[in-house]
Amino acid sequence: MIKAFCEDPRPEKIDLGVGVYRDEAGETPVFAAVKAAEALLVETQQTKAYLGPEGDTGFLDLMSPVIFGEGAAGADVISVQTPGGTGALRLAAELANAARPGARILVGSPSWPIHRQIFAAAGLEVAGFRHFDPPSQTLAFDDMLSALERAERGDLVLLHGCCHNPSGADLSSAQWAMVTGIIADRGVVPLIDLAYQGLGRGLDADARGVRAVFDTVDEALVAYSCDKNFGLYRERTGALFVRSRRRSDVVRSNILSIARCLWSMPPDHGAAVVRLILQSPELRASWEDELQAMRRRLGEIRAALSQADSGLAPLSDFDGLFAILPLSGDQVEAMRRDGAVYMAASGRINLAGLTPGLIRPFVEALCAVTTVRTA
Ligand SMILES: Cc1ncc(COP(=O)(O)O)c(C=O)c1O
């Protein structure tokens, strides 16, 4: 699709297929705070010697309050740096499979397609429930609840911490409380994928689900990515956090031995950059400002789409980079052919591919193919 987009000579073409943030100029810039931290790192780093399988513990200690709140993660939360959020998900899946071979994990549909592949590759049995209904653009919360109510002790459930990929439809605080209650009652182990903290409603607001779960249950995992909210993508910066109230020593040694076999030591650069940003009040403020600007831009695009067409009205209630439209493969193809709009075959769009000036042509292209469908 990237190749087809680049080769398309139409000047009005719109790329909504990418998986990364873009600013109004269509760029995915390096954060100013990252540039400054990188300069500092070049100046001050004395060695590239191995750090150990946990990675950069300073990075982990500084990320922990960002995720769990100040002073909230106790000694029973084990943390390890991973190659991106993907590495954290794979490590979590391997850990779950080591504890209970072939354990079942419930994954809402639709989800980031790689979730299922990672879990299956680690040996887990993947079961589904409906998370979102694209035609009505509504969260299928009842389906999630009934899947959890039917779950067995020891099953896992994957939950998106915020900015659900691909729908943008997150749980409210009341819904998180209900989910947490059922999980705790039934002995289901939550694995929360937090890949977009700060791109939804704010750093604290986007962590409310993680915090509700970690305050309540004895065993929980968070697969975290810094690749979107620090714009570090190719630096592969992430972490896995695991709460195990009863067996934290065993869990910790299992995590480290699994990590040793997967990648031995995680890559250093991105985590060192994040550590320097979080250590410096100035760099931290600069990072938070830039994150807020990204969040604001996504909110403005959502509001404009929601006003432009009644079918898109629900988008302003959702968060993050993505939305999923109820389009068939043929309609996605027609949008590309007739409207020069490129998107994933699933109907997922990246809102950061739009600017205020592109809202109208995008909505016109969308209306053209949806009219074809109803004709
Ligand atoms: C929901 C979700 N989880 C995890 C990831 C993986 O992030 P990373 O690039 O840090 O591996 C992505 C990346 O697109 C994602 O969308």
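Is Ala340 buried, exposed or partly exposed, judged by its C-beta neighbours inside 10 Å? Ala340 counts as partly exposed, because 18 C-beta neighbours fall inside that distance. Keep in mind that we're looking at a predicted model here.

**Backbone oddities**

Ala340 earns its opening spot for another reason: its phi is positive, about 60 degrees, although the residue is not a glycine. You'll find Ala340 in the loop between helix 13 (329–339) and strand 12 (341–342).

Cys163 is another non-glycine residue with a positive phi, this time about 50 degrees. Cys163 sits in the loop that runs between strand 7 and helix 7. With 27 C-beta neighbours inside 10 Å, Cys163 counts as buried, whereas Ala340 is partly exposed with its 18.

The loop between strand 7 (156–160) and helix 7 (173–186) also holds Pro166. The peptide bond leading from Asn165 into Pro166 is cis, with omega near 25 degrees. Another cis bond links Ser109 to Pro110, and there omega is about 0 degrees. Pro110 belongs to the loop between strand 3 (104–109) and helix 5 (114–121).

**Around the ligand**

Asn165, from that cis bond, turns up again among the residues around the ligand. The rest of that set is Gly19, Gly84, Gly85, Thr86, Trp112, Asp193, Ala195, Ser225, Asp227 and Gly238. Sorted by class, the shell has seven polar, two nonpolar and two charged residues. Which element gives the largest share of this shell? That would be helix 4, with three residues.

**Two helix pairs**

Helix 4 has a packing partner too. Here are two of the helix pairs, put side by side:

| Helix pair | Angle | Axis separation |
|---|---|---|
| Helix 4 (residues 84–99) and helix 10 (residues 248–262) | about 120 degrees | 10 Å |
| Helix 2 (residues 32–44) and helix 12 (residues 281–308) | about 150 degrees | 8 Å |

Take helix 4 and helix 10, with their angle of about 120 degrees. That angle makes helix 4 oblique to helix 10. The crossing of these two helices is right-handed. On the helix 4 side, the contact is made by Arg90, Leu91, Glu94, Leu95 and Ala98, while helix 10 brings Asn254, Ile255, Ile258, Ala259 and Leu262. The residues of this contact split into seven nonpolar, one polar and two charged.

Now for helix 2 and helix 12, which pack at about 150 degrees. Why does helix 2 count as roughly antiparallel to helix 12? The cut-off for that label is an angle over 145 degrees, so the angle of about 150 degrees makes helix 2 roughly antiparallel to helix 12. Helix 2 offers Ala32, Ala33, Ala36 and Ala37 to the contact, and they meet Leu283, Ser286, Trp287 and Glu290 of helix 12. By class, the residues in this contact come out as six nonpolar, one polar and one charged.

**One more alanine**

Ala39 also lies in helix 2. Is Ala39 buried or exposed? Ala39 is exposed, because its count is 11 other C-beta atoms within 10 Å. To get a feel for distances in the model, pair Ala39 with Ser146: their C-alpha atoms are separated by 51 Å, and the two residues are 107 residues apart along the chain.

Key: Residues are numbered from 1 along each chain as its sequence is written. This is a predicted model: local features need pLDDT of at least 70, side-chain atom pairs count only at pLDDT 80 or more; totals for chains, interfaces and linings use all residues. Axes are lines fitted to C-alpha atoms, for helices over the stretch in contact, and angles run from 0 to 180 degrees between N-to-C directions. Helices (H or I, at least four residues) and strands (E, at least two) are DSSP runs, numbered from the N terminus. Angles under 35 degrees count as roughly parallel, over 145 as roughly antiparallel, 65 to 115 as roughly perpendicular and the rest as oblique. A crossing is left-handed if the near helix is turned anticlockwise from the far one by less than a right angle, and right-handed if clockwise. Two residues are in contact if their C-beta atoms, placed from the backbone, lie within 7 Å. Ala, Val, Leu, Ile, Met, Phe, Trp, Tyr, Cys and Pro count as nonpolar, Asp, Glu, Lys and Arg as charged, and the others, Gly among them, as polar. A residue is near a molecule or strand if its C-beta atom, placed from the backbone, lies within 6 Å of it. A residue is buried if 20 or more other C-beta atoms lie within 10 Å of its own, exposed if 12 or fewer, and partly exposed in between; C-beta atoms are placed from the backbone.
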